[in-house]
Amino acid sequence: MCNGTRIFTGRGFSTVWQSRNQNLLSDSSRLCVFVVNAVYRMTKINCWRRLGAVTAAALFLSGNPSSSGQGSPGIGIKQHARSVQPGEVVWMEARSPQPLKKLEAAAFKRVFPFYPDNTGLHWEGLIGIDLETSPGSYTVELLGMQDDGTALKLTRTLTVKEKRFVTRHLKVEEKYVTPRPELLERIREESERLRRIFASVTPERLWRGAFVAPVPGSPSSSFGSRSVLNDQPRSAHSGADFHAPTGTPVKAPNAGKVVLAAELYYSGNTVIIDHGFGLYSLFGHLSGFTAKEGEEVPRTKVIGYVGDTGRATGPHLHWAVRLSGTRVDPLSLIAVLAATTTTDKPGAAKPQQANDK
Ligand SMILES: [Zn+2]
């Protein structure tokens with residue numbers, strides 16, 4: 001029942017692949033593979049374009065949870081998602097007949113790294129649809145490089161359907177709605193610290209397999225809800241709330257490195273785990289934490305305890321997930337990885353269902 005933290009938009013993904021022969025590349029929404037014998041270079045641009053209209057040839061159709069296709073070099077693509085809507089995670093898989101050195105997706109003006117199996121033939125990646133994404137058709141570009149240095153690009157379309165989030169009215173202490181002026185600098189510094197964390201990308205995947213719920217019990221479906229605090233509208237709720245008694249152990253939902261363990265004004269005692277590749281978990285309102293900054297934690301390691309510190313109306317766990325800066329539903333992350341054929345899923349959890357409040 002908290003409002004979580006403020007909106008932190010990741011802006012650290014300005015580095016994208018660009019081909020010098022970009023004129024050879026098409027924006028076709030069909031599954032097309034373009035092999036361009038060009039030297040790729042890393043350059044700071046934000047050139048990913050959103051297509052206004054797409055053809056029905058796109059294989060990524062809403063309501064079709066898993067699809068596949070073949071391109072001219074024989075690369076097959078599959079995807080899986082609970083739904084293609086704001087706040088959802090889309091898992092994508094590429095199978096190539098020859099090893100690839102690199103593969104990543106560019107979508108929503110962000111970059112989502114893919115990771116290979118040990119053959120370099122099978123790649124997987126997660127794409128986040130931010131909770132405030134407008135419905136419509138968006139281009140997903142899969143950009144890769146073959147072993148011989150040949151660049152390739154596949155262009156697909158992701159059709160995001162509308163999602164309506166509820167509005168919730170909460171009463172909190174007035175100091176969390178209108179902080180005293182002397183607190184504003186602290187709040188600004190904490191906001192900037194979080195922004196920098198979520199904008200950075202560890203170039204290594206630290207998580208393995210499925211994510212598990214950090215506390216027992218069913219979470220509420222408050223992700224994405226529009227909060228009205230003491231009659232004043234606030235930003236969308238960017239986490240999932242798990243109601244649990246104070247002192248309930250909070251376990252790492254997957255492996256990663258603790259990059260923040262501190263008391264923050266709004267989220268109270270807070271722990272952030274960097275799962276690598278731009279994927280982060282934030283846990284807020286803890287009564288206390290055992291995790292230390294810089295510590296590497298395995299899945300299910302206790303990192304802290306449920307509490308009601310910061311802007312909370314009662315004991316609960318606030319779990320927020322950032323994926324390449326997008327704000328996505330943690331339950332979507334749990335569900336999509338548990339349901340896919342990912343090759344490294346030790347102790348995979350069953351998908352969890354959100355419960356409406
Ligand atoms: Zn919350």
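**Core contacts and strand pairing in the predicted model**

Leaving aside neighbours within four places in sequence, Val89 is in contact with Ala81, Leu126, Gly128, Leu323, Val328, Ser332, Leu333 and Val336. These contacts are those of a predicted model, as are the features described below. Val89 belongs to the largest nonpolar core, which has 73 residues, and is one of the members that touch the most others; Val90, Ala105, Ala107 and Val271 complete that group. The greatest contribution to this core comes from helix 2 (residues 330-339), which supplies six residues. The core also spans the domain assignment, drawing at least three residues from each of domain 1 (15-160) and domain 2 (167-339). In soluble globular proteins, nonpolar side chains tend to be buried together.

The chain as a whole contains two helices and 24 strands. Of its 357 residues, 44% are buried. Among contacts between residues at least 6 apart in sequence, 69% join residues at least 24 apart.

Helix 2 is largely enclosed by the rest of the structure, because eight of its 10 residues are buried. The buried positions are Pro330, Leu331, Ser332, Leu333, Ile334, Ala335, Val336 and Leu337. Three of the residues named here, Ser332, Leu333 and Val336, are also contacts of Val89. The packing partners of the buried helix 2 residues are strand 5 (76-80), strand 6 (89-95), strand 15 (239-242), strand 23 (317-323) and strand 24 (326-328).

Val271, another of the core residues that touch the most other members, directs attention to strand 18. Nine of the nine residues of strand 18 (residues 268-276) are buried, and this strand is therefore largely enclosed by the rest of the structure. Strand 18 pairs with strands 17 and 19. With strand 17 (residues 256-264), the pairing is antiparallel and extends over seven bridges; a hairpin of three residues joins strand 17 to strand 18. With strand 19 (residues 279-286), the pairing is again antiparallel, and six bridges are found. The hairpin of strand 18 and strand 19 has two residues between the strands, and Phe277 in this hairpin takes a positive phi near 55 degrees. Val271 itself stands opposite Ala261 of strand 17 and opposite Phe283 in strand 19.

A further antiparallel pair is formed by strand 10 (residues 136-146) and strand 11, with 10 bridges between them. Strand 11 (residues 151-160) is mostly covered, nine of its 10 residues being buried. Within the pair, Glu141 stands opposite Thr155 in strand 11. Four residues lie between the two strands in their hairpin, where Gly149 takes a positive phi near 90 degrees.

Strand 10 also includes Ser137. Ser137 has 18 C-beta neighbours inside 10 Å and therefore counts as partly exposed, since a residue is buried only if 20 or more other C-beta atoms lie within that distance. Ser137 and Thr157 are separated by 20 residues in sequence, while their C-alpha atoms are 6.4 Å apart in space.

Terms used: Residues numbered from 1 in each chain as written. Predicted model: local features only at pLDDT ≥ 70, side-chain atom pairs only at ≥ 80, totals over all residues. Buried ≥ 20, exposed ≤ 12 C-beta atoms within 10 Å, placed from the backbone. Pairing = 2+ DSSP bridges. Core = buried A, V, L, I, M, F, W, Y, C linked by C-beta atoms within 7 Å. Domains from an automatic or database assignment. Contact = placed C-beta atoms within 7 Å.
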